[in-house]
Amino acid sequence: MSWLVTGGAGYIGSHVVVALLEAGMEPVVIDDLSSGFARFVPDGVPLVEASLLDTATITATLRDHRVEGVIHLAGFKYAGVSVQRPLHTYSQNVTGTISLLGAMVETGVDTLVFSSSAATYGTPDVDLVTEATPTHPESPYGESKLIGEWLIADVARAHRLRHTSLRYFNVVGSGSPGLYDTSPHNLFPLVFDALVAGRTPRINGDDYPTPDGTTVRDYVHVADLAHSHVVAARRLAAGESLEPVYNLGSGDGSSVRQIMDTIREVTQIDFVPEIAPRRAGDPAQIVASGKLARRDLEWEMRHDLRSMVSSAWEARQAAG
Ligand SMILES: NC(=O)c1ccc[n+]([C@@H]2O[C@H](COP(=O)([O-])OP(=O)(O)OC[C@H]3O[C@@H](n4cnc5c(N)ncnc54)[C@H](O)[C@@H]3O)[C@@H](O)[C@H]2O)c1
């Protein structure tokens, strides 16, 4: 029996694949390589290069590999770009999830862990986001993730489906030298790219109502996140019930300036960030409680900010 990881050639998915291997579970990857890389999939792990929209191939993969459950990470994750590309975003994240669920119903695969996002909350009006905080997504991306959660809950009412959705906050770091975040829109890769190219990294706004004036976010290490996926998968497969939704947040925030200071220490590249105007729609602070996940999913911050930055930097350098 194996576990299908959709998006397993991506940044987080490849870490989930490694965590499954370490737990003695057998991963199989489906990925269309639109933002992932075949080299991120460890040797010996089958990679089916196909789109989620190809229901027939998903169905065949579920059957051929005797899949017992699915960890569904494939998706288009660029919230800002999704505003310009709503149809693409909905097709990848909503139609793609419908296609996957259809294949699962068809083949009787009844266990699912879904990658959701902090973007489902939009700009929360609370200091600490919990799973009870109302959802107000502010982009097609956030909406598509919330619709994914609804779809899964609706399918579970009509068919047998054990499921949970994990709302990630800001995922950073690296658990293996070759696996790193390649997103052209996330803070760590943006700063690293600037430093490598000899440009000055930029802070967007230093006049927010936060302790040092820069925006505060909740950063979590990708390997800690991957571990909780494995725990969720195992518990669901064992017939244990989980909450429909968990926040994977640390309960603690770091400011952009703190990140820049840590990057300066770790890389030993001296720089003074340029202060640019605020970006429209950037909330001052988003920090989430991970209390429920700590209770049920062995969710723990095993890495501090320095280790998040240093592992990301090492993986970035190893990649050349
Ligand atoms: N990185 C974050 O901070 C973060 C935060 C919240 C949620 N998420 C979610 O986690 C998941 C993984 O994110 P990531 O950071 O690893 O991104 P990523 O872009 O590195 O990985 C996504 C993977 O899915 C694949 N993919 C995309 N559309 C596909 C399709 N239609 N069919 C098959 N494969 C497809 C891509 O090729 C890629 O390998 C995404 O669903 C994302 O929305 C990420």
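I started with helix H8 and found that H8 crosses H10 in a right-handed sense (clockwise turn of the near helix from the far one by less than a right angle; anticlockwise would be left-handed). Helices here are DSSP runs of H or I with at least four residues, numbered from the N terminus.

A note on the model: it is predicted, with local features needing pLDDT of at least 70 and side-chain atom pairs pLDDT 80 or more, while totals for chains, interfaces and linings use all residues. Residues count from 1 along each chain as its sequence is written, and side-chain values use heavy atoms, without hydrogens and water.

Next I looked up the packing geometry. H8 (residues 256-267) and H10 (residues 305-318) pack at about 55°, their axes 9 Å apart; axes are lines fitted to C-alpha atoms over the stretch in contact, and angles run from 0 to 180 degrees between N-to-C directions. That makes H8 oblique to H10 (not under 35 degrees, over 145, or 65 to 115).

Then I listed who touches whom (heavy atoms within 4.5 Å). H8 brings Gln 258, Ile 259, Thr 262, Ile 263, Glu 265, Val 266 and Thr 267, and H10 brings Leu 305, Arg 306, Val 309, Ser 310 and Trp 313.

Finally, the domains. I read domain 1 as 2-171 + 219-248 and domain 2 as 173-217 + 250-318, with bounds from an automatic or database assignment. Their C-alpha centres lie 23 Å apart, and the contact takes 41 residues from domain 1 and 40 from domain 2. Together they bury about 3400 Å², 61% of it on carbon and sulfur atoms (accessible area lost on being put together, 1.4 Å probe, summed over both).

Key. Helices (H or I, at least four residues) and strands (E, at least two) are DSSP runs, numbered from the N terminus. Buried area is the accessible area (1.4 Å probe) that two parts lose on being put together, summed over both.
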